[in-house]
Amino acid sequence: MQNYVAYHQFATLPNGRKVVIRFLNGRDRAALIQFFQAAPKEDLQFCKEDVKNPRVVDYWLKAENAQRIMALVAEDLAAKKIVASLNLYRGQHAALNVGEIHQILVARPFQGLGLGSLILDQLIDLTAKANFHWLKVEVITELKNVIKAFQSRGFKVRATLEDYFRDLQGATYDVVLMMRNLLKEEDDF
Ligand SMILES: CC(C)(COP(=O)(O)OP(=O)(O)OC[C@H]1O[C@@H](n2cnc3c(N)ncnc32)[C@H](O)[C@@H]1OP(=O)(O)O)[C@@H](O)C(=O)NCCC(=O)NCCS
């Protein structure tokens, strides 16, 4: 993945908080772990990685994974706290043009303020410039707000996968596969 150390996108949210969206770096480690620890389990249980485990954060930060993983964070500038996080994995070999969102999380007090949309806009811009052609994400069908947030950024539901995800108790959940074409506008599937 390209190194976008200089990349900073500033915004003021409707609650008056000023945030910056930028790439995750090693100095964020403790703050990011704290951000995930503070998040309610319901917001994290259908992520594709166990982000409450600090080793997952360490994996993202490893230099050898920099080409494969794009990790964005939003920081509340006054509080100096991370208030949103997004992770994308780049496909390999034949899937080099495909990026998969493994997790997106906005802190509860910041949800519904446009921050998730803003961070997705930045991701779309950055990945289009980095020669991705597709973004994909898998979301359980019950998370209507999450599906709506992706749809509002041009992601389309391309398939429903029955009993695809499971929770810690082993119960299974239907999942929608959502795709965003970065090269052209798409018709509904
Ligand atoms: C999904 C999520 C990232 C969206 O971020 P957000 O900042 O709350 O979303 P936005 O304010 O940009 O809203 C985006 C759209 O989704 C809707 N929406 C999503 N979550 C909402 C919420 N909690 N409250 C109100 N509206 C919400 C809005 O109506 C909006 O639609 P619009 O653009 O047509 O108005 C965020 O709600 C979240 O972190 N959820 C929990 C984590 C999760 O389940 N992640 C997915 C699996 S890893």
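Q: Which classes make up the shell around the ligand?
A: Class is just a split by residue type: Ala, Val, Leu, Ile, Met, Phe, Trp, Tyr, Cys and Pro are nonpolar, Asp, Glu, Lys and Arg are charged, and the others, Gly among them, are polar. Here the shell has eight nonpolar, eight polar and two charged residues. Bear in mind that this is a predicted model, where local features need pLDDT of at least 70, side-chain atom pairs need 80 or more, and totals for chains, interfaces and linings use all residues. Numbering starts from 1 along each chain as its sequence is written, and side-chain values use heavy atoms, without hydrogens and water.

Q: How many residues surround the ligand, and which are the closest?
A: A residue belongs if one of its heavy atoms lies within 4 Å of the molecule. That gives 18 residues, with V106, G112, G114, G116 and S117 the closest.

Q: Which backbone atoms should I look at for polar contacts with the ligand?
A: Look for pairs of N or O atoms within 3.5 Å. A backbone N or O of I104 is 2.9 Å from a ligand nitrogen. On the oxygen side, G112 has a backbone N or O at 2.8 Å from a ligand oxygen, and a polar backbone atom of L113 is 3.2 Å from a ligand oxygen.

Q: Where does the ligand sit?
A: Rolling a water-sized probe over the atoms shows where empty space is left. A pocket is an open set of points on a 1 Å grid over the protein atoms alone, where a 1.4 Å probe fits, with protein on both sides within 12 Å along at least five of seven lines; lining residues have an atom within 4 Å of a point. The ligand sits in the largest pocket (more than half of its atoms lie within 2 Å of the grid points). That pocket is lined by 33 residues, with I104, Q111, N145, V146 and A149 nearest its centre.

Definitions and conventions: Polar contact = N/O pair within 3.5 Å; in protein donor to acceptor, adjacent residues only side chain to side chain.
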